[in-house]
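Below are some comments on the model you sent, set out as numbered points. Please read them with the sequence and the coordinates open side by side.

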Amino acid sequence: MRIDIITCLPKLLESPFSHSILQRAQDKGLVEVVVHDLRAWATNKQKQLDDYAYGGGAGMVMMIEPIDLCISELKSQRDYDEVIYMTPDGERLNQGVANQLSLKKNIIILCGHYKGVDERVREAFITREMSIGDYVLSGGELAAAVLSDAIIRLIPGVLSDETSALTDSFQDNLLAPPVYTRPAEYKGMKVPEVLLSGHQQKIEDWRTQQSIERTRQRRPDLLDE
Ligand code: 6GU
């Protein structure tokens, strides 16, 4: 899989892809993440990317031409399954969407900034608009990093234990059960006996029951879906 991220703040995206699982996924060749500085497609000598909104009002709007040039250049090099625009008024990201997107071959992610992009960008180039939740971030970069992380860890081979994504919270619309490690007792706080019992079936049953109970208490909305 290849993810092309278009941004006017490429530095914001350096660190998230340079550590741990996301770095290892790239080193193994399972995913290629390429961050593009939109400034490289700026057309005037001031390298301007945004301008005042027609009709007035606070906030700058990202101009269509640099985005058109950038996306057109990428599309001339390969076919893309999706061109995703990160915006708080997009479709809310969930595990189901991450699962879908992890099956794609090439995707572009455009990060919004300022008051957003000229609406014609959305009409002409964008196939899908994503939000990561009902709150506003300063720009789409951190949201793009969140989306990319959620996708990349689902690509087969990225997680060292292939089954570990299957036991994540939300994978079956349930929250994950509690987990424990050594010591078996710490300052009087004990690990549930069943986990020390060695009875694998009892342990699975306990985990399932804990997942259901935890979901009922914390996220009853998930049980209705
Ligand atoms: Cl995708 N962008 C911004 N700027 N804020 C957000 C968001 C995206 N998702 C939630 N809040």
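1. In this predicted model, a nitrogen atom of the ligand lies 2.9 Å from a backbone N or O atom of Ile 132. A backbone N or O atom of Tyr 135 is placed 2.5 Å from a nitrogen atom of the ligand, and a side-chain N or O atom of Ser 131 is 3.4 Å from a ligand nitrogen atom. With a cut-off of 3.5 Å for a polar contact, the Ser 131 pair at 3.4 Å still counts, so I would list this pair with its value.

2. How much of the ligand's accessible area does the protein cover? On its own the ligand has 290 Å² of accessible area, and the protein covers 96% of that.

3. The residues around the ligand include Met 86, Thr 87 and Pro 88, and also Met 130, Ser 131, Ile 132 and Gly 133. Tyr 135, Val 136, Leu 137, Gly 139 and Ala 143 belong to the shell as well. Sorted by class, the shell holds eight nonpolar and four polar residues, while charged residues are absent from it.

4. Which strands supply at least two residues each to this shell? They are β5, which spans 82-92, and β7, which spans 128-131; the largest share, three residues, comes from β5.

5. These two strands also belong together in the fold, since β5 and β7 run parallel and are joined by five bridges, with Ile 84 of β5 standing opposite Arg 128 in β7. Strand β6, residues 106-111, likewise pairs with β5 in the parallel sense over five bridges, and Tyr 85 has Leu 110 as its bridge partner in β6. Between β5 and β6 the chain passes through helix α3, residues 95-101, in a β-α-β crossover that is right-handed.

6. On the overall layout, the protein is divided into domain 1, covering 2-152, and domain 2, covering 169-224. The centres of domain 1 and domain 2, taken over C-alpha atoms, are 37 Å apart.

7. Two backbone details deserve a remark, because most residues other than glycine have a negative phi and most peptide bonds are trans. Lys 47, in the loop between β2 (32-37) and β3 (50-52), has a positive phi of about 60° although it is not a glycine. The peptide bond that joins Arg 182 and Pro 183 is cis, with omega at about 5°, and Pro 183 sits in the loop between α5 (141-152) and β8 (185-186).

Note on methods: Residues numbered from 1 in each chain as written. Predicted model: local features only at pLDDT ≥ 70, side-chain atom pairs only at ≥ 80, totals over all residues. Heavy atoms only, no water. Domains from an automatic or database assignment. Near = heavy atom within 4 Å. Polar contact = N/O pair within 3.5 Å; in protein donor to acceptor, adjacent residues only side chain to side chain. Areas by Shrake-Rupley, 256 points an atom, 1.4 Å probe, with all protein chains shown as cover. Helix = DSSP H or I, 4+ residues; strand = E, 2+ residues; numbered from the N terminus. Nonpolar A, V, L, I, M, F, W, Y, C, P; charged D, E, K, R; others polar. Pairing = 2+ DSSP bridges. Right-handed = clockwise from strand over helix to strand, strands pointing away.
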